[in-house]
Amino acid sequence: QAATFSPHVLPVMVGTKVEWPNYDNIYHNVFSISDAKQFDLGLYKGDPKEKAQTFDKPGRVDVFCSIHADMHCIVLVLENPYFAATDERGHYSIKNVPPGTYKLKAWQERLPADEREIVVPTNGEVRANFVLGIKNLPEY
């Protein structure tokens, strides 16, 4: 099995501490040079608690292993708790959103994001389906 980060995309709220356990039989290095968070945890195995990182600035943080070129994950550091990752079928649910008007954004690593305005009622639920892809291409 190839060395991988799991999950590949991790949405977290600003201020979240993320641990980077390595339960493989080989060493890994975890680092990022992203604007939102720069760190280099060096080579290690096991689950040393001092390797945890607190993500204190919103943005996209691309994380890599210096030894394994195919190891890459993304930490999306968000400013509010109203987010969700999709399940294996592409479904998501965001709970306990106060009533109001919001911008809901769907994001995928390799496609343009899609954003729409939604109104959350006092009672009931809102359904918002997204199909991400390249839009407005010229027709030939």
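User: Let's start with R127 and E125: are they buried or exposed?
Analyst: This is a predicted model, so everything here is read from computed coordinates. R127 forms a salt bridge with E125, with the closest N and O atoms 3.7 Å apart. As for their setting, both R127 and E125 are exposed.

User: Which residues are joined into one network by salt bridges that share partners?
Analyst: Side chains of opposite charge can pair when their charged atoms come close. A search of the whole structure turns up five salt bridges. Some of these bridges share partners, and the residues they link into one network are E19, D47 and K49.

User: D114 forms a salt bridge too, so which residue is its partner, and is that partner buried or partly exposed?
Analyst: D114 itself counts as buried, because its relative accessibility is 17% and the cut-off is under 20%. Its salt bridge has the closest N and O atoms 3.5 Å apart, and the partner is R116. With 29% relative accessibility, that partner counts as partly exposed: R116.

User: What about R60, which residue does its side chain meet in a salt bridge?
Analyst: R60 is partly exposed, with a relative accessible area of 35%. The residue it pairs with is buried, at 17%. The N to O distance in this bridge is 3.0 Å, and the partner is D62.

User: Which side chain makes a polar contact with the side chain of H72?
Analyst: H72 sits in strand β7 and counts as buried, because its relative accessibility is 18%. Leaving out residues up to four places away in sequence, H72 touches F5, H8, R60, D62, V63, F64 and E109. One of these makes the polar contact, at 2.7 Å: D62.

User: How many residues does the largest nonpolar core have?
Analyst: The residues with the most contacts inside this core are W20, V30, F39, F55, V61, V63 and V75. Strands β4 (37–44), β6 and β7 each supply at least two of its residues. Apart from it lies another core of six residues, including L104, I118, V120 and A128. The largest core, for its part, has 18 residues.

User: Take V63 from that core: which residues is it in contact with, leaving aside neighbours within four places in sequence?
Analyst: V63 is one of the residues with the most contacts inside the largest core. Some of its contacts are listed with it as well-connected core members, among them W20, V30, F39 and V75. The whole list for V63 reads F5, W20, V30, F31, S32, F39, M71, H72, C73 and V75.

User: Moving to the surface, which residues form a nonpolar patch with Y27 and L43?
Analyst: The patch has about 320 Å² of accessible area together. Its remaining member lies in the loop between β6 (59–64) and β7 (72–78). That residue is partly exposed, with a relative accessible area of 44%. Beside Y27 and L43, the patch holds I67.

User: Stepping back, how many helices and strands does the protein have?
Analyst: Read along the sequence, the pattern is β-β-β-β-β-β-β-β-β. The C-alpha trace spans about 50 × 45 × 30 Å along its principal axes. The count is zero helices and nine strands.

User: And what share of the residues count as buried?
Analyst: The accessible surface comes to about 10000 Å², and 50% of that belongs to carbon and sulfur atoms. Among contacts with a separation of 6 or more, residues 24 or more positions apart account for 47%. Of the 140 residues, the share that counts as buried is 28%.

Key: Residues numbered from 1 in each chain as written. Predicted model: local features only at pLDDT ≥ 70, side-chain atom pairs only at ≥ 80, totals over all residues. Heavy atoms only, no water. Patch = residues over 30% accessible without salt bridge, like charges linked within 9 Å, V, L, I, M, F, W, Y side chains within 5 Å. Areas by Shrake-Rupley, 256 points an atom, 1.4 Å probe, with all protein chains shown as cover. Salt bridge = Lys/Arg side-chain N within 4 Å of Asp/Glu carboxyl O. Helix = DSSP H or I, 4+ residues; strand = E, 2+ residues; numbered from the N terminus. Buried < 20%, exposed > 50% of the residue type's maximum accessible area, 1.4 Å probe, protein only. Core = buried A, V, L, I, M, F, W, Y, C linked by side-chain atoms within 4.5 Å. Contact = heavy atoms within 4.5 Å. Polar contact = N/O pair within 3.5 Å; in protein donor to acceptor, adjacent residues only side chain to side chain.
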